[in-house]
Amino acid sequence: MSTDEVTPVRQQYLDTKRQYQNEILLFRLGDFYETFDEDAEIVSRELDIVLTSRPVGGGVRVPLAGIPYHALDNYLIKLVEKGYHVAIAEQQGEQPVKGLFPRKVVRVVTPGTLIEPSLLPGDANNYLAAVIMESSGSAAGTTRAAIAYADISTGEFAVTELETANGAPLRAELTRLRPAEIIHPDTIVLPLPSGEGRGEGGHATPLPAWRFEPGRCAESLLRHFDASTLDGFGLKNAPLAVRAAGAILGYLKETEPASLALLTSLRHYSLDEFMTLDAPTRRNLELTETLRPTQGDALRGEVKGSLLGVLDLTVTPMGKRLLRQWVSQPLLDLAKIETRQNGVEFFFSGGLTRAELRAALKPLADLERLTNRILSGHAQPRDLVALRETLRRIPAILAVLPPGAAPIQATLNRLSPCAEALSLLEQSIADDPPATTQNTGIRSEERRVGKECRSRW
């Protein structure tokens, strides 16, 4: 069919789809996200929804499958969990241009770039990882590798390099991280645990090797952090780490560009700081899940009954994620171990303080993810209300703890009520706000609030 024969909407769709050939394109038309052609057939099959057809001009009809816009999250998670990448094209503006609303892709959703609260596990991180490998030349069969990972819902961004023989150390670190998605050059084969699902192996996304080119990745990092050198990040003699971390930034720039503002620092760590545990050891020790599979899942156990299940008496999502990280990555540094033990002793011996603090912490919202949603421009009024209510409770938390609580003083020093942000929220947000943010200028105010809270914490 010639271009002259297709409808304007069809041509608009085809022009957009040409830029996102490897993604399922959800094209907003009124109250529905529509999919066409092969995308429609995939969506119909994977989501078990009706496949229909639509006239597109010249007497031709093409496959069509649509989902209601208000139910997007329910369908989106099903596609992402199956490993699909989904491009979301939204209508732009309030008035049509020459009878047609402009539309553009506002984000590409992948397993490692989820930000929707309803789609994220509250007690665990959702990591996007990048892996690169090359022969080290130091010994036969030895490979040098780097792993970078980021959680755009919390702002965590870290990278390490390691020597790996037969892929064992690399596999062990990936098992610890349990990334939702792993990007890697299409020229390498990842040594992932055979038969593992998302829980340990992650959804692998091969990318062209040029995306990991050293100069390109170094420039991405320097530009992102507005730095003249990467030495301050511990990357002076870590070329593979630079390539892995830079590839993360490049991937996010294409899929979820707003999330780049959340990655404000890069932590370079060494596996020598922690006890290395391979996948079988982790499973046998039942650190974070039991050996007994969850009903209906032949690969996953349950947290209840594991070491994490026994230890986890936390009352906030932030605490649950942190405790999971600690259990998954045992310390080797004696001074750090003793510091952590002193904190435990402080609360173990102070039963009344512990009980009062738990009561004060329990109502808190997920501050980590909440502030990051605000910074990335994805927050809704209910998120701002939750932030306001949480900030109101910070003074009560500080009042519970005695002055000079040495074992946890460093943590207390980072806990600020963010008075300026709270004042703005008190004045600007009604107790029963609208469901969406449509008022002019509200996004800039959101980001100002988010930046203050993020910088104080």
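**Figure 1. Cavities in the predicted model.** Let us start with the empty spaces: this structure, a predicted model, holds five cavities of 30 Å³ or more. The close-up shows the second largest cavity, with about 80 Å³ of space. Around this cavity you will find Pro 169, Ala 172, Glu 173 and Arg 176, together with Leu 271, Phe 274, Met 275, Thr 276, Leu 277, Arg 282 and Gln 329. Sorted by class, six of the lining residues are nonpolar, two are polar and three are charged. Helix H4 makes the largest contribution to this lining, with four residues.

**Figure 2. Helix H4 and the strands it crosses.** Here we stay with H4, which spans residues 168-177. This helix lies across strands S7 (128-135), S8, S9 and S10 (181-185). Relative to S9, H4 runs at about 150°.

**Figure 3. The sheet that contains S7 to S12.** Six strands form an open sheet in the order S11-S10-S7-S8-S9-S12, and their pairing is mixed. At the edges stand S11 (203-207) and S12 (267-268); each has a single partner strand, so one side of each is left without a neighbour in the sheet. Within the sheet, S8 (residues 142-151) and S9 (residues 156-165) are antiparallel partners, joined over ten bridges. To find your way along this pair, look for Ala 150, which stands opposite Phe 157 in S9. As a reminder, strands of a sheet pair through backbone hydrogen bonds, either parallel or antiparallel.

**Figure 4. Strand S10 and its two partners.** S10 runs parallel to S7, and three bridges join the two. A handy landmark for this pairing is Leu 128, which stands opposite Glu 181 in S10. S10 also pairs with S11 in the parallel sense, over five bridges, and here Pro 185 stands opposite Leu 207 in S11. How many residues of S10 are buried? Five of the five are, so the strand is largely enclosed by the rest of the structure. In a regular strand the side chains alternate between the two faces of the sheet. In S10, both faces are covered: Glu 181, Ile 183 and Pro 185 are buried on one side, and Ile 182 and His 184 are buried on the other.

**Figure 5. The surroundings of Val 131.** Val 131 sits in strand S7. Is this residue buried or exposed? Val 131 is buried, with a relative accessible area of 0%. Leaving aside neighbours within four places in sequence, its contacts include Ala 146 and Ile 147, as well as Leu 170 and Leu 174. Val 131 also touches Ile 182, Ile 183, His 184 and Pro 185, along with Ile 188, Leu 190 and Phe 212. One of these contacts, Ile 188, is 57 residues away from Val 131 along the chain, yet their C-alpha atoms are separated by 9.6 Å.

**Figure 6. The sheet that contains S1 to S6.** For our last view, we turn to another open sheet of six strands, with the order S3-S4-S2-S1-S5-S6 and mixed pairing. Its edge strands are S3 (52-57) and S6 (103-109), each of which pairs on one side only. On average, neighbouring strands of this sheet are turned by 35° against each other, direction ignored. S2 (residues 32-36) and S4 (residues 60-68) pair in the antiparallel sense, over five bridges. If you would like a residue pair to locate, the bridge partner of Thr 35 in S4 is Ala 65.

Key
Residues are numbered from 1 along each chain as its sequence is written. This is a predicted model: local features need pLDDT of at least 70, side-chain atom pairs count only at pLDDT 80 or more; totals for chains, interfaces and linings use all residues. Side-chain values use heavy atoms; hydrogens and water are left out. Two strands pair if DSSP finds at least two bridges between them. Axes are lines fitted to C-alpha atoms, for helices over the stretch in contact, and angles run from 0 to 180 degrees between N-to-C directions. Contact means heavy atoms within 4.5 Å. Buried means under 20% relative accessible area, exposed over 50%, partly exposed in between (1.4 Å probe, protein chains only). On a 1 Å grid over the protein atoms alone, a cavity is a set of points where a 1.4 Å probe fits but cannot get out, and a pocket is an open set with protein on both sides within 12 Å along at least five of seven lines; lining residues have an atom within 4 Å of a point. Grid points are joined across faces, edges and corners, and a volume is the space filled by probe spheres set on the points. Ala, Val, Leu, Ile, Met, Phe, Trp, Tyr, Cys and Pro count as nonpolar, Asp, Glu, Lys and Arg as charged, and the others, Gly among them, as polar.
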